[in-house]
Amino acid sequence: MLTGLWLNIRVLVVAELGILVLGLVIAFLRTLRGPVFFPLRVLATGYIDVFRGIPLLIMLYLIGFGVPALRLQGVPTDVAVLGAVALILVYSAYVAEVFRAGIESVHPSQRAAARSLGLSHRQSLRLVVLPQAVRRVLPPLLNDFVALQKDCGLISVLGAVDAIRAAQIDVARTFNFTPYVVAGLLFVLLAIPTGRVADALAARLDRREGRS
């Protein structure tokens, strides 16, 4: 099970990096202003509506079983890779909305001040808006990260021998359900540090803003 948990951790790290990048890109597209960017805003909104509405389990089946069935050249067929792709597609829709809320929470005067200093729109977003937005949404981002840690165990439905699948194999062999308890405790131990970091960051933000 420890070997299987290591697979879960690797999938978690890869998925989290992909989710952060894709989620930020989608959030940026949704916050573009002006008629010329309307098609991009529609595409970003459609992406969020679709992938936030599809259950993760169905997405795992579609990607994990559907992609290999297409027999496309050069497309990976490893179930861990396909599981990570499914996690990225679904979770990036949620994270994009978190990022968008953070970006829109920054007062417009911050943008105006940055532009008055001679910064371009891209520089204003990268140097002024995004640092403030990310700092404000760190607690909800970490909460999504905790949820992702648990959902990484769902790659077992594709046949990946992760901690959950290893527990299933052991239970089938010994008819003893203790491995399920052990697998559950491993995921709890994995999630506790992130949860405490989220609590600490939320408390720090409250103190900084004078709410406590």
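## The overall layout

Read from start to end, this chain follows the pattern α-α-α-α-α-α-α-α. That comes to eight helices and zero strands; helices (H or I, at least four residues) and strands (E, at least two) are DSSP runs, numbered from the N terminus. The C-alpha trace spans about 70 × 50 × 25 Å along its principal axes.

## How confident the model is

Please keep in mind that this is a predicted model, in which local features need pLDDT of at least 70, side-chain atom pairs count only at pLDDT 80 or more, and totals for chains, interfaces and linings use all residues. Residues are numbered from 1 along each chain as its sequence is written, and side-chain values use heavy atoms, with hydrogens and water left out.

The average pLDDT (the predictor's confidence in each residue, from 0 to 100) is 87 for the chain, and 96% of the residues score at least 70. Among the elements, helix α2 (residues 38-53) has the highest mean, 94, while helix α5 (residues 108-116) has the lowest, 80.

## A bent helix

Helix α6 is a good one to find on screen: it covers residues 121-151, 31 residues in total. Its end C-alpha atoms are only 37 Å apart, short of the 45 Å that a straight helix would reach; that expected span is 1.5 Å times one less than the number of residues.

Within α6, a kink of about 55 degrees lies at Leu138, shortly before the proline Pro139. The bend is the angle between axes fitted to the seven residues ending at a residue and the seven starting there.

## How the helices pack

Two packed helices are described by the angle between their axes and the distance between the axes. Axes here are lines fitted to C-alpha atoms, for helices over the stretch in contact, and angles run from 0 to 180 degrees between N-to-C directions. Helix α1 (residues 2-30) packs against α2 at about 135 degrees, with the axes 8 Å apart. The two are therefore oblique to each other (under 35 degrees counts as roughly parallel, over 145 as roughly antiparallel, 65 to 115 as roughly perpendicular and the rest as oblique). Contact, meaning heavy atoms within 4.5 Å, involves residues including Leu22 and Ile26 of α1 and Leu40 and Ala44 of α2.

Helix α6 has packing partners too. The axes of α5 and α6 come within 9 Å and cross at roughly 135 degrees, and the axes of α1 and α6 come within 11 Å, crossing at roughly 135 degrees. Among the residues that meet are Ala114 in α5 and Val128 in α6, and Phe28 in α1 and Phe145 in α6 are among those of the other pair.
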